[in-house]
Amino acid sequence: TLNAEQQDQMALSQQIQAAKDDIQQSQQIIEQVEGDDGPAIEITSYPTSLSKTVVGTEVHFQLKRGRIAYVPLDELFEEAKRKTRSTSNLRDLTDQINVAGPKRGFELRYVLMATPDRTKGTVSLHAEEFKVVPVQSVLGETADEALGASSQLRQDLARFNVKDTTITLWVYPDSFDEYRKINEELHKIGYSTAGRPLPEGIPIGGSPHGSKSSAQ
């Protein structure tokens with residue numbers, strides 16, 4: 001049982017760790033970009049100059065190997081919740097890697113932690129960390145295909161309201177040019193977007209100590 005001061009110290013420590021993780025990830029991206037002797041890419045400037053933390057609906061796409069693929073994060077989480085509710089023995093879920101999916105070529109791998117509440121006589125579960133791992137070698141469509149009138153990208157976007165949806169693009173170093181094209185089109189449609197660079201070999205993932213996306 002922690003008093004108020006200890007809780008504040010723990011919250012501050014978590015924020016510091018999240019900032020360190022973001023700095024480390026950014027440094028890895030900088031090193032990869034500095035080592036790339038490819039042609040310079042013109043960056044389009046948009047009217048919204050300040051970013052804001054995503055608070056509404058967030059839809060995820062992966063940009064890798066020049067292809068964009070929908071990441072069904074919410075659907076995978078819902079499946080994980082159903083599995084959790086249907087399990088009577090918590091030991092079958094905690095302190096091990098659980099799997100939900102696959103869906104749309106991705107599966108969710110997550111670790112659950114149990115937190116007992118002795119005053120209420122209950123136990124709550126929360127995800128300590130999760131990773132979204134591709135289980136197919138080829139996913140999604142090329143940028144040119146995605147920008148077509150009847151593309152899978154446009155079909156996926158049609159399910160979400162432009163006004164209250166942010167599109168988060170998880171982009172790998174080999175797809176920065178495709179990111180520029182897709183991001184420009186999303187802005188034309190009216191979506192807010194958030195870019196999340198990832199080093200090669202690092203899957204999409206998160207934890208309670210991570211940072212939220214910032215949209216523009």
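R104 lies in the loop between β4 and β5, in a predicted model where local features need pLDDT of at least 70, side-chain atom pairs count only at pLDDT 80 or more, and totals for chains, interfaces and linings use all residues. Residues are numbered from 1 along each chain as its sequence is written, and side-chain values use heavy atoms, with hydrogens and water left out. Strands here are DSSP runs of E with at least two residues, and helices are runs of H or I with at least four residues, both numbered from the N terminus.

Let me stay with R104 for a moment. Its phi is near 55°, a positive value in a residue other than glycine. Most residues other than glycine have a negative phi, and most peptide bonds are trans. With a relative accessible area of 40%, R104 is partly exposed; buried means under 20%, exposed means over 50%, and partly exposed lies in between, for a 1.4 Å probe and protein chains only.

The two strands around this residue, β4 and β5, form a hairpin with two residues between them. Strand β4, residues 97–103, pairs with β5 in the antiparallel sense over five bridges, where pairing requires that DSSP finds at least two bridges between two strands. One of the bridge partners can be named: I97 is matched with V111 in β5. Strand β4 also contains P102, and a cis peptide bond, with omega of about 10°, joins G101 and P102.

A second positive phi occurs at R65, again near 55° in a residue other than glycine. R65 is placed in the loop between β2 and β3. Is R65 buried or exposed? At a relative accessible area of 56%, R65 counts as exposed.

R104 also leads us to helix α4, residues 152–157, where Q152 is placed. Apart from neighbours within four places in sequence, Q152 is in contact with R104 and E141, a contact being heavy atoms within 4.5 Å. Q152 is partly exposed, at a relative accessible area of 35%. Q152 and A69 are 83 residues apart in sequence, yet 8.8 Å apart in space, C-alpha to C-alpha.

I turn now to the open sheet. Five strands form it in the order β7-β3-β2-β8-β9, with mixed pairing. The edge strands, each pairing on one side only, are β7 (141–142) and β9 (192–197). Strands of a sheet pair through backbone hydrogen bonds, either parallel or antiparallel. Within this sheet, β2 (residues 57–64) and β8 pair in the parallel sense over seven bridges. Helix α5, residues 176–189, lies across β2, β3, β8 and β9 and runs at about 175° to β8; the axes are lines fitted to C-alpha atoms, for helices over the stretch in contact, and angles run from 0 to 180 degrees between N-to-C directions.

Which residue of β8 is the bridge partner of T57? That residue is T165, found in β8, residues 165–171. T165 counts as buried, because its relative accessibility is 3%. Its side chain reaches the backbone oxygen of N161 at 2.6 Å and makes a polar contact with the side chain of D164 at 3.5 Å. A polar contact is a pair of N or O atoms within 3.5 Å; within protein, one must be able to donate a hydrogen and the other to accept it, and residues adjacent in sequence count only if both atoms are side-chain atoms. Not counting residues up to four places away in sequence, T165 touches T57, V59, F160, Y191 and S192.

Next, the interior. In soluble globular proteins, nonpolar side chains tend to be buried together. A nonpolar core is a set of buried Ala, Val, Leu, Ile, Met, Phe, Trp, Tyr and Cys residues joined through side-chain atoms within 4.5 Å. The largest such core has 18 residues, of which F106, L108, Y110, F130, V132 and I204 touch the most other members. Two or more residues come from each of β3 (67–71), α2 (73–85), β5 (106–117) and β6 (122–134), and β5 gives the largest share, four residues. A second, separate core of 16 residues includes V59, I68, I167 and I182. Back in the largest core, the residues that L108 touches beyond four places in sequence include L76, F77, F130 and V132.

Finally, the chain overall. It has five helices and eleven strands, and buried residues make up 30% of its 216 residues. Of the contacts with a separation of 6 or more, 69% are between residues 24 or more positions apart.
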